[in-house]
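Hi,

Here is the model I said I would pass on. Have a look, and my notes follow underneath.

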Amino acid sequence: MTWTPSSWRALPARHIPNDYPDPAAVLAVEQRLAKKPPLVVASEIEKLKAELARVSKGEAFLLQGGDCAESFAEFEADRITRYFRVFLQMAVALTFAGGKHVVKVGRVAGQFAKPRSEPIEVIDGVSLPSYRGDNINGSAFTPESRIPDPERLVEAYNQSTASLNLLRALATGGYADLENVNRWNLKFAKKQGKASAEYVKLCHRIEESLEFMDGLGLSGPAGIATDTVDFFTSHEALLLGYEEAMTRQDQLFGSGAFYDTSAHMVWIGDRTRQLDHAHVEFCRGIANPIGVKCGPSLDADELLALLDKLNPKNEAGRIVLIARFGSDKIAAGLPKLVRKVTDAGRSVVWSSDPMHGNTLKTASGYKTRPFERVASEVNDFMDIVRAEGAYPGGVHLEMTGDDVTECTGGATPVTEESLSSRYRTHCDPRLNADQAIELAFTIANGLREGRQQRRLAAAGL
């Protein structure tokens, strides 16, 4: 099949709503969106691809994270700022411990739609269509709210535009200064109980490194910029009508390639990665970096076939394979995938999503994710990928900068009994600010140990 931005429409498409009351209204909205300015441009997308190519070679590390699903009702500048601050804190810890550049990709400015395991939700005997994300329908459990409304796509575009504008300002306007970020981390570290000593040591080492750079004249206006960062956006490419409307053929930079300008990177979910279906068809033709969620049901030969279709030229930085197994399934499922891809000589980024496979429901009915299982899966991911001769290059998290109580555990523990106090997610449970930073420090310790082992091995010790 010859690829065009609309060629996906001839193929089966899972988890795209087919119950809009007026299909003509959907088409009209998509036509309006196609005339709006792009959210990102080709040069930014190519810059991310180049950074991911470094990750695929073991020269950098990918940090990807953000909301499970963004919300219209909770859209506010302070929430975006808190999220970005926590993201920076995590990135600095990972950068220093791993001794490598951290590529920063948010699940933000477009992560609205969510595939649901069940199309119908039942509460007290009443059945309604499931909530599928604010760009499709509403979360309120009423018949009116659950009707898909195409105008929500326009609101999602507008919110994404505003979010991206603020994030760009924060990334380049001085808020991301390393000294600020390290002070935030030191404040966090001092309240972490038994883990506090290790975290404080890491913060002090970062502080010493900054002082060393300053002493040599390497920082400041004439040296290395320590107050700006590159920050990229990503979301699941689920609503292909929206993605098609945001796809542009590059005329500004001369490549002539098609780019999905809704985000720098998009990914294909574990429920929509069928080889001959619409989502793979759409993603194979755009030049963005593409993520592929890899769960227990994915066969190794199927994964190779996906790589053949999505990245036939084996371009470095094009594909991020996001492992989402669960702490109890990763040892059985991941090694064969890594082995197959590595033996075939495919250039990919291996990243861990320790969230989706570790969801459970408490006796009181709350969906949660135990922090200990999340941390365990990340650690096992690192060990398994290294053991198969590949590089564990990233982590993909659902997290927030807010003090929510959605995932249990952590150094400042959330208990099952306290889940209801600040349980605010519209879909899946997220790590709160402290849990997200704690996980980053945990990963950082593992990266530092791996770095020390490589140094000793190189010295013959």
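How many cavities of 30 Å³ or more does the count come to? The answer is 4. A cavity here is a set of points, on a 1 Å grid over the protein atoms alone, where a 1.4 Å probe fits but cannot get out, while a pocket is an open set with protein on both sides within 12 Å along at least five of seven lines. Lining residues have an atom within 4 Å of a point. Points are joined across faces, edges and corners, and a volume is the space filled by probe spheres set on them.

Before the rest, the small print. This is a predicted model, so local features need pLDDT of at least 70 and side-chain atom pairs count only at pLDDT 80 or more, whereas totals for chains, interfaces and linings use all residues. Residues are numbered from 1 along each chain as its sequence is written, and side-chain values use heavy atoms, with hydrogens and water left out.

Back to the cavities. The largest holds about 190 Å³ of space. Its lining has 17 residues, with Asp67, Glu70, Arg79, Ile80 and Val108 nearest the centre. Helix α3 (77-98) and α4 (151-172) each give two or more residues to that lining, and α3 gives the most, with 3. (Helices are DSSP runs of H or I, at least four residues, strands are E runs of at least two, and both are numbered from the N terminus.)

The second largest cavity has a volume of about 90 Å³. Of its 13 lining residues, Gly110, Asn135, His235, Tyr242 and Glu243 are closest to the centre.

Then there's the largest pocket, with about 1000 Å³ of space. It is lined by 37 residues, and Arg116, Ser117, Lys367, Cys427 and Asp428 are the closest to its centre. Strand β3 (120-123) and β12 (360-361) give two or more residues each, with the largest share, 4 residues, coming from β3.

One more spot to look at is β9 (290-294). 5 of its 5 residues are buried (under 20% relative accessible area, 1.4 Å probe, protein chains only), so β9 is largely enclosed by the rest of the structure. Ile290, Val292 and Cys294 point one way, and Gly291 and Lys293 the other. Strand β8 (residues 265-268) runs parallel to β9, joined by 3 bridges (strands pair if DSSP finds at least two), and Trp267 has Gly291 as its bridge partner.

Cheers

Conventions: Contact means heavy atoms within 4.5 Å. Buried means under 20% relative accessible area, exposed over 50%, partly exposed in between (1.4 Å probe, protein chains only).
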